[in-house]
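I opened the notebook to look up how the helices of this chain pack and what lies between them. The entries follow the order in which I looked.

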Amino acid sequence: MAMSYVCLYLSYRDSLEPYTMEERGRLVTAMMDYQATGELPTFSGNERFLWPTLRSQLDRDIQGYEEKCAKNRENGAKGGRPKKQTVSAETEGFSEKPKKPKEKEKEKEKEKEKEKENKNDTPSEREAAFVRFWEAYPRKVGKEAARKAFAKVKVDVSLLLHAIQEQRQSEQWIKDGGQYIPNPATWLNQGRWEDKLPGSAADRNRIRTPEEYLAGIEG
């Protein structure tokens, strides 16, 4: 679930002080558009000097929100947050009640599953695919959020690598040392591998197929 709001911190007041009301309005509008679509704005006024700072904070907010949502989903899959154990004055000092046979069986099953996980040191094929994606993606921030987003993507990793190879040649990804490259989790969650960015290899010639791309890197 994408964030449905934009955080306007009180610390922004000092940063916005030198700017006109029109420039402030354009900045706030750009923040909302970036939050909703991930598209980068184009400025013609002085507000362009403050935008990189605001965008960095937006990226951190998005990453924190996505990580929080992922934790909430994990807790939901486990049945929600564990209930707090309360000890009344009447029961304090007494030993716990003996566990029922079914509860003991469940605990044994959980222990067996943990043992299997500990013995299995070889990464899964999906994790290996994520490692390939992470090594190829040029903006390395929010690795855990990217891993969770990658788990939800159903396309083959070769297509993602192909898209990264093409998009990293675009003007957007090259400009200002890669400042405008989306966070990897955002890129995955928004299906940005389907973007056709201006100034990419697609405009100069044509997009190579995933097979051609793989043949190129393996050769």
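**Entry 1: the pair H2 and H3.** I began with the residues that join these two helices: Leu 27, Ala 30, Met 31, Tyr 34 and Gln 35 of H2 are in contact with Trp 51, Leu 54, Arg 55, Leu 58, Asp 59 and Ile 62 of H3. Sorted by class, this contact holds eight nonpolar residues, one polar residue and two charged residues. I note that the model is a predicted one. For the geometry I looked up the axes, and those of H2 (residues 21-37) and H3 lie 11 Å apart at an angle of about 35°, with a right-handed crossing.

**Entry 2: the chain as a whole.** I then stepped back to the overall make-up, and found eleven helices and zero strands in the protein chain. Of its 219 residues, 32% are buried. I also looked up how far along the sequence the contacts reach: among contacts with a separation of 6 or more, 71% are between residues 24 or more positions apart.

**Entry 3: Ile 62 and its partners.** I came back to Ile 62, which sits in H3 (residues 51-77). Is Ile 62 buried or exposed? Its relative accessibility is 10%, so Ile 62 counts as buried, the cut-off being under 20%. Leaving out residues up to four places away in sequence, I find Ile 62 touching Met 3, Tyr 34, Gln 35 and Thr 186. I also looked up a pair remote in sequence: Ile 62 and Ala 145 are 83 residues apart along the chain, and their C-alpha atoms are separated by 9.9 Å.

Following one of these partners, I located Thr 186 in helix H9 and noted that Thr 186 is buried as well, with a relative accessible area of 10%. With residues up to four places away again not counted, Thr 186 touches Ile 62, Glu 66 and Arg 192.

**Entry 4: H3 against H6.** I next looked up how H3 packs on H6, and the axes are 9 Å apart at an angle of about 60°. The two helices are therefore oblique to each other, and H3 passes H6 in a left-handed crossing. On the H3 side the contact is made by Gln 63, Glu 66, Glu 67, Ala 70, Arg 73 and Glu 74, and on the H6 side by Ala 145, Lys 148 and Lys 152. By class I read two nonpolar, one polar and six charged residues in this contact.

**Entry 5: H5 against H6.** For the other partner of H6 that I looked up, the axes of H5 (residues 125-136) and H6 (residues 143-152) come within 10 Å and cross at roughly 125°. That angle makes H5 oblique to H6, and the crossing is right-handed. From H5, the residues Arg 126, Glu 127, Ala 129, Phe 130, Phe 133 and Trp 134 meet Lys 143, Ala 146, Arg 147, Phe 150 and Ala 151 of H6. This contact has seven nonpolar, four charged and no polar residues.

**Entry 6: the nonpolar cores.** Which residues touch the most other members of the largest nonpolar core? Among its 23 residues, I find that these are Phe 133, Phe 150, Leu 160, Trp 187 and Leu 188. At least two residues of this core come from each of H5, H6, H7 (157-167) and H9 (184-189). A separate core of 17 residues lies apart from it, with Tyr 34, Leu 50, Leu 54 and Leu 58 among its members. As background, nonpolar side chains tend to be buried together in soluble globular proteins.

I looked further at Trp 187, setting aside its neighbours within four places in sequence, and its contacts are Phe 133, Tyr 137, Leu 160, Ala 163, Ile 164, Gln 167, Trp 173, Pro 182, Arg 192 and Trp 193.

**Entry 7: the cover on H7.** How many residues of H7 are buried? The count is nine of its eleven residues, and the helix is mostly covered. The buried residues are Val 157, Ser 158, Leu 160, Leu 161, His 162, Ala 163, Ile 164, Glu 166 and Gln 167.

**Entry 8: Asp 176.** Last, I looked up a backbone detail in the loop between helix H8 (171-174) and H9, where Asp 176 is placed. Asp 176 is not a glycine, yet has a positive phi of about 50°. The residue is partly exposed, with a relative accessible area of 49%.

Terms used:
Residues are numbered from 1 along each chain as its sequence is written. This is a predicted model: local features need pLDDT of at least 70, side-chain atom pairs count only at pLDDT 80 or more; totals for chains, interfaces and linings use all residues. Side-chain values use heavy atoms; hydrogens and water are left out. Axes are lines fitted to C-alpha atoms, for helices over the stretch in contact, and angles run from 0 to 180 degrees between N-to-C directions. Helices (H or I, at least four residues) and strands (E, at least two) are DSSP runs, numbered from the N terminus. Angles under 35 degrees count as roughly parallel, over 145 as roughly antiparallel, 65 to 115 as roughly perpendicular and the rest as oblique. A crossing is left-handed if the near helix is turned anticlockwise from the far one by less than a right angle, and right-handed if clockwise. Contact means heavy atoms within 4.5 Å. Ala, Val, Leu, Ile, Met, Phe, Trp, Tyr, Cys and Pro count as nonpolar, Asp, Glu, Lys and Arg as charged, and the others, Gly among them, as polar. A nonpolar core is a set of buried Ala, Val, Leu, Ile, Met, Phe, Trp, Tyr and Cys residues joined through side-chain atoms within 4.5 Å. Buried means under 20% relative accessible area, exposed over 50%, partly exposed in between (1.4 Å probe, protein chains only).
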